[in-house]
Amino acid sequence: MKRTTRQKLIRYAMYGVLVLVVAAFSFVADWDKIATSFFNVEIARDMFPEVLTTAARNTIVYTFLAFVLGLILALILALMKLSSIRLYRWLAIAYIELFRGLPALVTIIFVAFALPIAFDGFNVPGGILGQGSLGLGIVAGAYMAETIRAGILAVPKGQMEAARSLGMSWGTAMTYIILPQAFRIIIPPLTNELVLLIKDTSLFFVLGTTVASKELTKFGRDLMTAKFNGTPLTVVALVYLAITLPLTYLVSRLEKKTAAAR
Amino acid sequence: MTMQPDPTAPPIQLLDLHKSFGELEVLRGIDFKVEVGEVVCLIGPSGSGKSTLLRCVNKLEEPTAGRILIEGIDITDPETDVDAVRTRIGMVFQQFNLFPHLSVLRNLRIAQRKVLGRDTEEATRIASEMLTRVGLIDKMDEHPARLSGGQQQRVAIARALCMNPDMMLFDEPTSALDPELIGEVLDVMRELADDGMTMVVVTHEMAFAQQVADRVIFMDGGVIVEDGPPSQVLVNPIHERTKKFLRAIEVE
């Protein structure tokens, strides 16, 4: 058999397998059941506008707070890790390794439930917003610290030298010369981190949410149980994608742009 | 500790300066003095320590031993505010090192604002004056990436001048430039020299050294081998190593 003929036959066989699998699945599947339990239009319609005005809004607010908190922590940690003082470097490394090594859920439970037990009813203020976002922000800080550090190191050494030779202190040079350039470099990875955070706010379901403070996952799951139907989860999944897909698209655009600029 | 510079002291004085990078001893005892208004060119083969010497003068490199006196102030003394001394020493780098995220005007303004505390209006006025001086006032709002190498280096010189330095250090200012752009940078430096600026220039431009320098210093192996007027060091060198170096670059 000729080589090209053989390759053609393999190709046809691969298409054939695909067609068979799809045919078998559609034959076995109960389409009515799938439609009523995942794509029930009535149940889906009932979710609006709350799924957007409450649940999606909460998800975005929680994410934003955790991100800002994480960014501040990450900047401090990155500078500590670049410090000439060994103890600061060690502390930063310990923090980063600790919170990257733990499941985010453990940190969130620790902040929300272990602290009140340990400190006699002390609660991190702000309810779910405060406790959840603090827990998630602590974790995000560990991840973003490495990103920021890499960004700072990616700025050419001559920039700091030029700034210092103009009489700027280390702090002034860092603030006005190095960090603005570093953040420009790391916008794509930071946006990726933001997408991860959006998804991680689903962990807040453990915090026992009230009606007004439910984020998307808890909102969808509670409705699923109440209506005994999977449609709420489908809707929630679509809302998640509506938020995350534009962001991931933005990242790939930005990455292409930076790649072209180099 | 803030110490007032002594106007009668030499702008730059190095006393038995040593610098090692790990095992490698790059400077092995440099004694060196520059007088007010003097233009000194440092020449020598690569690895001879001339750039390291220049970078020690404003402490971009920490010397291993020895003393550095800038206008009479010992900047190797840990009590000295080096940042304050650096504002009086302009430095120009081989790679220009303009701040790429800032426009030309902001490049010239930022240290005036954040270090000298000048207000925006005054900083803009001085920046315009210096840009005019290097012939680039029309590029004020451009970003550095849109300028040619020669223009970038002229902006870098203007940026240093905005701090009203008492002296200027040039670290191979034309080595990263295309040949046709070298002239415009050397012209600006020549004007500076004519205006009486104290200058130390690490360079491979022998014609420039010949025409502009008051003194030429030949370095090799981390020591100063020969120090004298260009007519001596570049034309009738005393030392065999200087002769060999000059012959080698002539062949190029």
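Visitor: Which residues lie nearest the centre of the second largest pocket, and how many residues line it?

Guide: Rolling a probe the size of a water molecule over the atoms shows where empty space is left. In this predicted model, the second largest pocket has 14 lining residues. Those nearest its centre are A:Leu82, A:Ile152, A:Met160, A:Trp170 and A:Met174. The space within this pocket amounts to about 500 Å³.

Visitor: Which helices of chain A each supply at least two residues of that lining?

Guide: Three helices of chain A do so: H7 (127-154), H8 (157-165) and H9 (170-200). By class, the lining of the second largest pocket comprises 10 nonpolar, 2 polar and 2 charged residues.

Visitor: I turn now to enclosed space. How many cavities of 30 Å³ or more does the rule count?

Guide: The count is 1 cavity, and the volume of the largest cavity is about 30 Å³. Chain A contributes A:Ala162, A:Ser165 and A:Leu166 to its lining, while chain B contributes B:Met91, B:Phe93, B:Ala156, B:Arg159 and B:Ala160. Two elements give two or more residues to this lining, namely H8 of chain A and helix H5 (149-161) of chain B. The largest share, 3 residues, belongs to H5(B). The lining of the largest cavity divides into 6 nonpolar residues, 1 polar and 1 charged.

Visitor: How should the interface be read, and how many residues of each chain are in contact?

Guide: One may begin with the contacts and then turn to the area. In chain A, 18 residues are in contact with 22 residues of chain B. The two chains bury about 1700 Å² between them, and 63% of this lies on carbon and sulfur atoms. On the side of chain A, the residues that lose the most area to chain B are A:Glu161, A:Ser165 and A:Leu166, which together account for 34% of what that side buries. Of these, A:Ser165 and A:Leu166 also belong to the lining of the largest cavity.

Visitor: How many salt bridges cross the interface of chain A and chain B?

Guide: The rule finds 2 salt bridges there. A:Arg164 forms a salt bridge with B:Asp83, with 3.2 Å between the closest N and O atoms.

Visitor: What backbone geometry deserves inspection?

Guide: Most residues other than glycine have a negative phi, and most peptide bonds are trans. In chain A, the peptide bond between A:Phe48 and A:Pro49 is cis, with omega about 0°. A:Pro49 is located in the loop between H3 and helix H4 (50-81) of chain A. In chain B, B:Phe96 is not a glycine, yet its phi is positive, at about 65°. This residue is in the loop that runs between strand S6 (89-92) and helix H3 (104-114) of chain B.

Visitor: Where in chain A is confidence lowest, and where is it highest?

Guide: Confidence in chain A is lowest in helix H3 (residues 41-46), with a mean of 84, and highest in H8(A), at 97. Over the whole of chain A the mean pLDDT is 90, with 98% of residues at 70 or more. Chain B has an average pLDDT of 94, and 98% of its residues score at least 70. For the complex, the predictor gives an ipTM of 0.93 and a pTM of 0.86.

Methods: Residues are numbered from 1 along each chain as its sequence is written. Chains are lettered from A and ligands numbered from 1 in the order in which they are written. This is a predicted model: local features need pLDDT of at least 70, side-chain atom pairs count only at pLDDT 80 or more; totals for chains, interfaces and linings use all residues. Side-chain values use heavy atoms; hydrogens and water are left out. pLDDT is the predictor's confidence in each residue, from 0 to 100. On a 1 Å grid over the protein atoms alone, a cavity is a set of points where a 1.4 Å probe fits but cannot get out, and a pocket is an open set with protein on both sides within 12 Å along at least five of seven lines; lining residues have an atom within 4 Å of a point. Grid points are joined across faces, edges and corners, and a volume is the space filled by probe spheres set on the points. Helices (H or I, at least four residues) and strands (E, at least two) are DSSP runs, numbered from the N terminus. Ala, Val, Leu, Ile, Met, Phe, Trp, Tyr, Cys and Pro count as nonpolar, Asp, Glu, Lys and Arg as charged, and the others, Gly among them, as polar. Contact means heavy atoms within 4.5 Å. Buried area is the accessible area (1.4 Å probe) that two parts lose on being put together, summed over both. A salt bridge is a side-chain nitrogen of Lys or Arg within 4 Å of a carboxyl oxygen of Asp or Glu.
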